[in-house]
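Work through these exercises with the structure open beside you. Try each task before you read its solution.

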Amino acid sequence: MADNLITLHGIVLSAIPIGENDRRLSILTKEYGRISAFARNAQKPKSEMVAAAQPFVTGTFFVIAGRNSYTAVRAEVNNYFTELRNDLEKTCCGLYFCELAEFLTGENVDENETLALLYSALRALSRGDIPPRLVRAAYEIKILYAEGEGPQVNECVRCHTKEGPFVMHVPSGGCLCRRCAGELFDEEGRRAYELRTQAVASGYYNLDDSTWYTLRVIASTQPSKLFSFSVSEEVLAELRAVAAAWYMEYVNHNFRSLEMLLAVEEVSE
Ligand SMILES: [Zn+2]
């Protein structure tokens, strides 16, 4: 084996065709965070890389470092996640998880928590014991924590009291106690808070106690143990609403795979 071969462990996030023969891979690795790697002849059936050059593939990748990018020469695959590819909703969901990871992660930084989370989420999707929508909501929220940008759910973001009740206020970055919420917002906002409505004006969310509990579980549980819970339809709806508002406020990006997933979900409803 060549001396300059580097061994990396990770998951393929995307595999864009380049011309008729090659692919450009984005791989989330244990060693270097997200990397870009060129896979020569990865569209040709006889290539060593053809089976490995597709999203979800998890394994060991042998690469050569170039000036601006890596070249992937060989891979040892641990998991293809074939079960995901036979179900359209799961495929789209998995592709969205990968696209989200690709967008939020960086090169040459420690992305081990996000890597573990993505693997764990793909496994949960392929196991199928938790509804894909719950896996998605938990993944969307947890990846924010893995990237250091998750909502504060344990104390008031203004006065730091741990005494509830709290209201979720997305523009403030997490929960507000009743007093701070009252001081911060105008009469209309307070009234909306008192009315205990969902998704009220200016980014307020009045959440059920079980939703607060679930958010705290998501924030504190390690990725490998995360996808082992179930929630009621109401809690799931609140988790999805918080995630959607958070992404609109802080991530603000159109994910192509999410558009596809939403279209698929609509058909299956
Ligand atoms: Zn407060």
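**Exercise 1. The two domains**

How many residues of domain 1 are in contact with residues of domain 2?

Solution. Start with the ground rules. The model is predicted: local features need pLDDT of at least 70, side-chain atom pairs count only at pLDDT 80 or more, and totals for chains, interfaces and linings use all residues. Residues are numbered from 1 along each chain as its sequence is written.

Step 1. Find the domains. Domain 1 spans 5-80 and domain 2 spans 82-269. These bounds come from an automatic or database domain assignment.

Step 2. Apply the contact rule. Two residues are in contact if their C-beta atoms, placed from the backbone, lie within 7 Å. With that rule, 15 residues of domain 1 are in contact with 20 residues of domain 2.

Step 3. Look at the side of domain 1 that touches domain 2. Strands S1 (5-18), S2 (22-29) and S3 (33-39) each supply at least two residues. S1 gives the most, with four residues. Strands and helices here are DSSP runs, numbered from the N terminus (helices: H or I, at least four residues; strands: E, at least two).

Step 4. Sort that side by class. It has eight nonpolar, five polar and two charged residues. Ala, Val, Leu, Ile, Met, Phe, Trp, Tyr, Cys and Pro count as nonpolar; Asp, Glu, Lys and Arg count as charged; the others, Gly among them, count as polar.

Step 5. Add the spacing. The centres of domain 1 and domain 2, taken over C-alpha atoms, are 30 Å apart.

**Exercise 2. The barrel**

In which order do the strands of the closed barrel run?

Solution. Step 1. Trace the five strands: S1-S2-S3-S5-S4, with mixed pairing. Two strands pair if DSSP finds at least two bridges between them.

Step 2. Check the twist. Direction ignored, neighbouring strands of this sheet are turned by 50° against each other on average.

Step 3. Take one pair. S1 and S4 (residues 58-65) run antiparallel and are joined by seven bridges. Ile11 stands opposite Thr58 in S4.

Step 4. Find the helices against the strands. H2 lies across S1, S2 and S3, at about 110° to S1. Helix H3 (residues 112-127) packs on the sheet and touches S1, S2 and S4. The direction of H3 makes about 60° with that of S1.

**Exercise 3. H2 and its partners**

At what angle do the axes of H2 and H10 cross?

Solution. Step 1. Recall how packing is described. Two packed helices are described by the angle between their axes and the distance between the axes. Axes are lines fitted to C-alpha atoms, for helices over the stretch in contact, and angles run from 0 to 180 degrees between N-to-C directions.

Step 2. Read the values. The axes of H2 (residues 88-104) and H10 (residues 256-268) come within 8 Å and cross at roughly 155°. H2 and H10 are therefore roughly antiparallel. The cut-offs are under 35 degrees for roughly parallel, over 145 for roughly antiparallel, 65 to 115 for roughly perpendicular, and oblique for the rest.

Step 3. Name the contact. Its residues include Leu88, Cys92 and Tyr96 of H2, and Leu258, Leu261 and Val264 of H10. By class, the contact of H2 with H10 has nine nonpolar, two polar and four charged residues.

Step 4. Turn to H4 (residues 132-146). H2 and H4 pack at about 5°, with axes 11 Å apart. H2 and H4 are therefore roughly parallel. Among the contact residues are Phe97 and Leu100 of H2, and Tyr139 and Ile143 of H4. The contact of H2 with H4 divides into eight nonpolar, no polar and three charged residues.

**Exercise 4. The open sheet**

Which strands stand at the edges of the open sheet?

Solution. Step 1. Write the order. The three strands run S7-S6-S8, with antiparallel pairing.

Step 2. Pick the edges. S7 (174-177) and S8 (204-205) each have a single partner strand, so one side of each is left without a neighbour in the sheet.

Step 3. Follow one pair. Four bridges join S6 (residues 166-169) to S7. Phe166 has Cys177 as its bridge partner, and Val167 stands opposite Leu176.

Step 4. Inspect the turn. S6 and S7 form a hairpin with four residues between them. Gly173 in that turn has a positive phi of about 95°.
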